Amino acid sequence: MTQSHPRISKAVIPAAGLGTRFLPATKATPKEMLPVVDKPAIQYVVEEAVAAGLDDVLMVTGRNKRPLEDHFDRNYELESALQKKGDASRLAKVQESSDLATMHYVRQGDPKGLGHAVLCAAPHVGEEPFAVLLGDDLIDPRDPLLQRMVEVQEQRGGSVVALMEVAPEQIHLYGCAAVETTEDSDVVKVSGLVEKPEPADAPSNYAIIGRYVLDPQIFDILRRTEPGRGGEIQLTDALQQLAADEKIGGPVHGVVFKGRRYDTGDRGDYLRAIVRLACEREDLGPDFRTWLRSYVAEEM
């Protein structure tokens, strides 16, 4: 298709969750600040947005989330101390997070679900299409999912969700999409969405993962969306309305992702993500892989 739509420049990152699955670690530390090797999980997400050309980032936060703001701000005392030591390498790492993007923050006063968190971004986003990135899903930078989603939205308009094929018995953990093929092998048209269906009721095994590019009409729908599953305002329910009626805000498409994804919202997957990423680091990988092989051999 040759049709062109407005360039996307803004990203929204909902980060107001309590992180109860990681208690007691998250009692005083936001779950988004838990380290994945030596960077907090949230920094990987912001870096992904910036790599896709979205350098205007709004973070939707809540109570006790001030460390998120501090992390992406300057720390003059620490920078000065590192500068006096001549520690240029660590100084660069400290300054990297504060120079990544133009950061904005808004609080989600009540925990009313993902749909409500996205709605909190309406005054900042305005009438532009925008991206939403969930912090629990880390996408390997070698697999530029968000860039592809932005490209699809600019070509086709409407909204775009990220989809991943999962085992049928796992679909109840995700939002699920009913899809139709298109001329692009990695793009499908979404005709319906269901939030966490039972396997027997699922229209497919295409699960929605934590990346969205949304038409601003989603805000009007979210304002009218009643609480759904779990008593929360579900983004999936609002997207279902867009998929059912293209006249509202254009079609809904899905980009089928087959790359590397790390789920940091589950304790086991969080640990696996750390191991995978540490193994692939040039500075840590060789020694760590040697130790890991020895440890596994001893345990087996």
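A strand, as the word is used here, is a DSSP run of E with at least two residues, and strands are numbered from the N terminus. Keep that in mind as we start with one residue: L193 sits in strand β10. The model you are looking at is a predicted one.

## A residue in strand β10

Is L193 buried or exposed? L193 counts as buried because its relative accessibility is 7%, and the buried class covers values under 20%. Its surroundings include residues from elsewhere in the sequence. Once neighbours within four places are set aside, L193 is in contact with C176, A177, I208, T236, L239 and Q240. There is also a pairing to look for with D237: L193 and D237 are 44 residues apart in sequence, yet their C-alpha atoms are 7.4 Å apart in space.

Just past this strand, you can find K196 in the loop between β10 (187-195) and β11. The phi angle of K196 is near 50 degrees, which is a positive value in a residue other than glycine. K196 counts as partly exposed, with a relative accessibility of 33%.

## The chain as a whole

Now let us step back. How many helices and strands does the chain have? The secondary structure comes to 12 helices and 13 strands. Along the principal axes, the C-alpha atoms fill a box of roughly 60 × 50 × 40 Å. A compact globule of 300 residues would have a radius of gyration near 19 Å, and the chain has 20 Å, so the two agree.

Buried residues make up 48% of the 300 residues in the chain. The accessible surface comes to about 15,300 Å², and 49% of that belongs to carbon and sulfur atoms. Contacts tell another part of the story: among those between residues at least 6 apart in sequence, 76% join residues at least 24 apart. The chain also carries 35 positive and 48 negative charges, and the mean positions of these two groups are 4 Å apart.

## Salt bridges

How many salt bridges are counted in the chain? The count comes to 22 salt bridges. Here are three of them.

| Salt bridge | Closest N to O distance |
|---|---|
| R211 and E48 | 2.7 Å |
| E79 and R74 | 2.6 Å |
| D137 and R261 | 2.7 Å |

Take R211 and E48, whose side chains meet in a salt bridge. This pair links distant parts of the chain: R211 belongs to strand β11 (residues 206-214) and E48 to helix α1 (residues 41-51), 163 residues apart. Both R211 and E48 are buried.

The salt bridge between D137 and R261 has its closest N and O atoms 2.7 Å apart. Here too, distant parts of the chain are linked, with D137 in strand β7 (residues 137-139) and R261 in strand β13 (residues 261-263), 124 residues apart. D137 counts as buried because its relative accessibility is 7%. R261 counts as buried because its own value is 17%.

In the salt bridge of E79 with R74, the closest N and O atoms are 2.6 Å apart. E79 counts as buried at 5% relative accessibility, whereas R74 counts as partly exposed at 34%.

## Loops worth a look

Where does F22 lie? F22 is in the loop between β1 (10-14) and β2 (35-36). F22 is buried, with a relative accessible area of 12%. Leaving aside neighbours within four places in sequence, the contacts of F22 are L34, T264, G265, D266, R267 and Y270. One of these partners, D266, lies 244 residues away from F22 along the chain, while the C-alpha atoms of F22 and D266 are separated by 8.3 Å.

P24 lies in the loop between β1 and β2 as well. The peptide bond from L23 to P24 is cis, with omega near 5 degrees.

Finally, visit N64, in the loop between β4 (56-61) and α2 (66-71). Although N64 is not a glycine, its phi is positive, at about 65 degrees. Why does N64 count as exposed? The reason is that its relative accessibility is 61%, and exposed means over 50%.

Definitions and conventions. Residues are numbered from 1 along each chain as its sequence is written. This is a predicted model: local features need pLDDT of at least 70, side-chain atom pairs count only at pLDDT 80 or more; totals for chains, interfaces and linings use all residues. Side-chain values use heavy atoms; hydrogens and water are left out. A salt bridge is a side-chain nitrogen of Lys or Arg within 4 Å of a carboxyl oxygen of Asp or Glu. Helices (H or I, at least four residues) and strands (E, at least two) are DSSP runs, numbered from the N terminus. Buried means under 20% relative accessible area, exposed over 50%, partly exposed in between (1.4 Å probe, protein chains only). The radius of gyration is taken over C-alpha atoms; the globule rule is 2.2 Å times the number of residues to the power 0.38. Contact means heavy atoms within 4.5 Å. Accessible areas come from the Shrake-Rupley method with a 1.4 Å probe; for residues, only the protein chains shown count as cover. Lys and Arg count as positive and Asp and Glu as negative; His and the chain ends are not counted. The place of a charge is taken as NZ of Lys, CZ of Arg, CG of Asp or CD of Glu.
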